[in-house]
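Q: I'd like a close look at the empty spaces in this structure. Please go through them slowly and explain the terms as they come up.

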Amino acid sequence: MERTALLRSLSCSSLACNKYYFRSSHKLSQSLISRASSSSSSSSLSAARRNQLRLIPNLSRRSLHRGHTRLRAPLSSSLPFNKHFSALATRAVASPPTQPSPDVSEVSDEVAEKYGFEKVSEEFIKECKSKAVLFKHKKTGAEVMSVSNDDENKVFGIVIRTPPKDSTGIPHILEHSVLCGSRKYPLKEPFVELLKGSLNTFLNAFTYPDRTCYPVASTNTKDFYNLVDVYLDAVFFPKCVEDFQTFQQEGWHFELDNPSEEITYKGVVFNEMKGVYSQPDSVLGRTIQQASSPICSEALCVSDGFKCLYALSPDNTYGVDSGGDPKVIPKLTFEEFKEFHRKYYHPSNARIWFYGDDDPKERLRILSENIVILYFILDVYLVHNLSFIDQYIKTLFSITEYLDMFEASSAPSESIVAPQKLFSEPVRVVEKYPASEGGDLKKKNMVCLNWLLSDKPLDLETELALGFLDHLLLGTPASPLRKILLESGLGDAIVGGGIEDELLQPQFSIGLKNVSEENIQKVEELIMYTMKKLAEEGFDTDAVEASMNTIEFSLRENNTGSFPRGLSLMLRSIGKWIYDMDPFEPLKYEKPLMDLKARIAEEGSKAVFSPLIEKYILNNSHRVTVEMQPDPEKASRDEAAEKEILEKVKSSMTDEDLAELARATQELRLKQETPDPPEALRSVPSLSLNDIPKEPTRVPTEVGDINGVTVLQHDLFTNDVLYTEVVLDLSPLKQELLPLLPLFCQSLLEMGTKDLSFVQLNQLIGRKTGGISVYPFTSSVQGKEDPCSHLIVRGKAMAGRADDLFNLMNCVLQEVQFTDQQRFKQFVSQSKARMENRLRGSGHGIAAARMDAKLNIAGWISEQMGGVSYLEFLQALEEKVDQDWAGISSSLEEIRRSLLSRDRCLINMTADGNNLKNAEKFVGKFLDMLPSNSPVETAKWKARLPPTNEAIVIPTQVNYVGKAANIYDTGYQLKGSAYVISKHISNTWLWDRIRVSGGAYGGFCDFDSHSGVFSFLSYRDPNLMKSLDVYDGTADFLRELEMDDDTLTKAIIGTIGDVDSYQLPDAKGYSSLLRHLLGITEEERQKRREEILSTSLKDFKEFAGAIEAVKDKGVVVAVASPDDIDAANKERSNFFEVKKAL
């Protein structure tokens, strides 16, 4: 996990990019807070990228999960300093091989019969070059999709249909709990042991409103089957249904340390959802998915936001919150929890997915062992009562529980999701959301219009057409509905996700935030007027062509970034399969795409899209308008109401009751903090060091020059796509201009030229390329005080369009005019709204950026472009745009003059050899057009924030607590063992103390080997000072640590899994570029890898001295509620300097 993004660029062929929004099973935890920052603006590219996980039609702005995920670290796309690594690595992803997949091993009917399965159907899916076979298990009815191809990144998943009846959060709490030990793996959390010692490329679980998914992935076959075995046992044989303390830990419980103290609520899910309900965008609506990084979105927990979905579907399961309402969660009983598992977690209610290059026969054999053989053993036992297997059966499977679960046959019928009947007239919902005091609250309203589009699932052709319509309406800055709303001045930023079709019935949502009271009605009228006008007039031909190219490019490129392609396909397929429809259909986009293109060519786009607008929007009475009003007292009222409930609970208890509760609290904490015995830990399968390559993967890199400019070329198969980066030196830029740089990047892509309006430029990029993005990149460099700072222009196109790509990059850099004052003011308002949202939802990232800014120059630069300082800059700039536009425009031009120079430029390209060679002439032409400036003096960036403890006050029910120091200042010399140690601290000490017993949603540490900053962070944390005490105890934890060889080996393997994570070709080329910029040699990569592999217990104990510096000299930043900050300053007099940010 340790600062994954740059660690990977250092140690391996992987770059961390977007790890999405899950329970950080996956190696995402620390890439979130990486010091290398990149604020990004993009055209075409970002909209396409956001669809990588969705069904084909969904080319909109949302990631797929609206429910909850098993998050251990925060969500990478929610970074406060502009999604550092989402911009770094997943802007462009390589496409699948064009060559046919090799012959895959066939599963004959006889083999299927042998393992208890029958073939239902099979197809070759040319879109993903895969042989797909649907099997059905005869006895249980379990359905299995077996997808075979040459992809080494193998994927397995179990999906259970889990419709809740109330908002107690049962599906979400179960999703957490089933991974807390099973009959075959009887330890506290096999999930965490897999994190420690697996080479997984994905390991997580997440909850939708109507289903729960348990996916894993790995490129190592042995590791993959280990993961499969643990997950199968966890889902069908979890300990949690017998362990009340697991329910308390993951769900909720009363906590009381001393009978004289106040009772509090604790529970991981409970605190997670308090964080969700503290975010205005979450409260706004479940169908309004927040923006991504990456996909948990921003990093999204799949359940963020609820009111809209409830209002749209009041009569079925979507009318309640599968993640849990914090006010309702404490009503859940352990008996209800157990019954939900018994009822729904049955093979007949499961969809099982396999994907990749492993043997399809082995897949059925594994499932057979977990289903058929278990039945056989149980049948033998029941018929013959054989005593010699009695103890074996009881130990592993619990006969009663197994029979209760697997002999039931009603789960599939009882879990069916009933459709919502369409309303006969529109509905309006008015709700409050927690807001800060101060400012003009009358201008902080949100309004969103939402439609349920159909009373039944749509056919694929209609879905695809609606997906195109969605992209035309909202997919780019030039899209008419998006453009008109933002240019209206009625609000600051878009809310609503457009088309959402992951659930049974598709929905459409659109609205604005930061709307004044008198403009709420005007927003509604503008939306309806614009939709009517578009239905009457149709879309611009260039817009349709651009949208078509963007979508088709994205589909063919199969843009999944670091997300396994097989998992992306699984989630597409399950969108139909879970509702008993054809699982093959969502994987086959080719024919409906060609049919749609032909229809548009024959009938015209107006004939295709106008009827859709009329039918599904204008003439659709199932419309729900949600209005959210700011309420500065809501957060305190909610806290007071919770406190009153708890006071009543305590007053109803006798002295004996209170003593018993205090005893139970201590008993639970003791269990949480007591390590599993070695024999239990050994039950979890793992690899050995012999399974680990001794050398990192090398990326082919040729360093040359064109016209005197350094050019890096990476000869990799990319299916005829050219990926390129133009890197410009930021060092000549004046310090005072740094905060303006993110807006400069946005202006380059969203303002026009002398000859092209910004709409025309945007459409041209969409028609000719796969997208262009522009962002700053900043990182510390080991051993140097000055940072590595660059502006990166990143693009991709089919190799035959290389000339267009470089011409458009030149156009963006040199021809865009900074003259549109009103558009720039929109950029400022949008950026301010995004920053305010990040502050509430991603406080851990805000804290990390703030601590960095106190400790090194690179951190200060990043914070100026994406932290609290940036928010303050935007607040002041919003007024300055009207007062001194000429000065701002001049500053934007000064930034361009400072950066554009052939002498300070570098080019990076990734493609196959022939395409690289053919592109060289276009690179030369591009470079010739750049100005060749005389040497410019490097600017002096020497600023840092004062190294004081700081509390940033926001209206929230949970906190984000950080502490950090530079351990290089203590004399620590970097060794690869530091990565192993910091990962182990996160997965043991902090997991147990911050998350498990502390009740926070996440807790972790991070070591930036470039700057030397070691930091601790918590996420959605009910505590503040208690978490700081845990951080300060880390050095003692290391000194007292005892570790056997198996545990140490797991820690090493898990770290190698982080640094060797699977990469697609474009990310390989990009990570090689980063290593070049940061001066990381292949020799250093090899040295660090050897140090990782040779890590010893002695290294852990020696590292305690370095960690002590964080305790003694560290700076603290907390993003927290006013009450918790006041309490902290009373506990430790004036510990925090208080800063109000909202």
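A: Helices (H or I, at least four residues) and strands (E, at least two) are DSSP runs, numbered from the N terminus. This is a predicted model, so to speak a calculated one: local features need pLDDT of at least 70, side-chain atom pairs count only at pLDDT 80 or more, and totals for chains, interfaces and linings use all residues. Residues are numbered from 1 along each chain as its sequence is written, and side-chain values use heavy atoms, leaving out hydrogens and water.

Let's begin with a closed space. The second largest cavity (grid points, 1 Å apart over the protein atoms alone, where a 1.4 Å probe fits but cannot get out) holds about 100 Å³; that volume is the space filled by probe spheres set on points joined across faces, edges and corners.

Who lines this cavity? Lining residues have an atom within 4 Å of a point, and here they are His471, Leu472, Thr476, Ala478, Ser479, Pro480, Ala543, Ala546, Ser547, Asn762 and Gln763. Helix H18 (460–474), helix H21 (541–557) and helix H29 (758–768) are the elements that give two or more residues each to that lining. H21 has the largest share, with three residues. Sorted by class, the lining of the second largest cavity has five nonpolar residues, six polar ones and no charged ones. (Ala, Val, Leu, Ile, Met, Phe, Trp, Tyr, Cys and Pro count as nonpolar, Asp, Glu, Lys and Arg as charged, and the others, Gly among them, as polar.)

Now for the open spaces. A pocket is an open set of points with protein on both sides within 12 Å along at least five of seven lines. The largest pocket has a volume of about 1400 Å³. Its lining takes in 45 residues, and if you want to find the centre of this pocket, look for the closest ones: Glu639, Pro1022, Ser1121, Asp1123 and Asp1124.

Which elements build its wall? At least two lining residues of the largest pocket come from each of strand E12 (264–266), helix H9 (268–276), helix H25 (634–651), helix H38 (1025–1032) and helix H44 (1122–1131). H25 gives the most to this lining, namely nine residues. The classes in the wall of the largest pocket run to 19 nonpolar, eight polar and 18 charged residues.

On to the second largest pocket, which has about 950 Å³ of space. It is lined by 37 residues, and Lys443, Lys444, Asp492, Asn514 and Lys832 are the closest to its centre. Try tracing its wall in the structure: helix H10 (280–284), helix H19 (480–487), strand E17 (507–515), helix H31 (821–841) and helix H34 (868–883) each put in at least two residues. For this second largest pocket, H31 is the element that gives the most, with nine residues. Its lining splits into 11 nonpolar, 13 polar and 13 charged residues.

Here's a handy way to keep track of who gives the most or the largest share. For the largest pocket, follow H25; for the second largest pocket, follow H31; and for the second largest cavity, follow H21. As for charge, the lining of the second largest cavity has no charged residues, whereas the lining of the largest pocket has 18 and that of the second largest pocket has 13.
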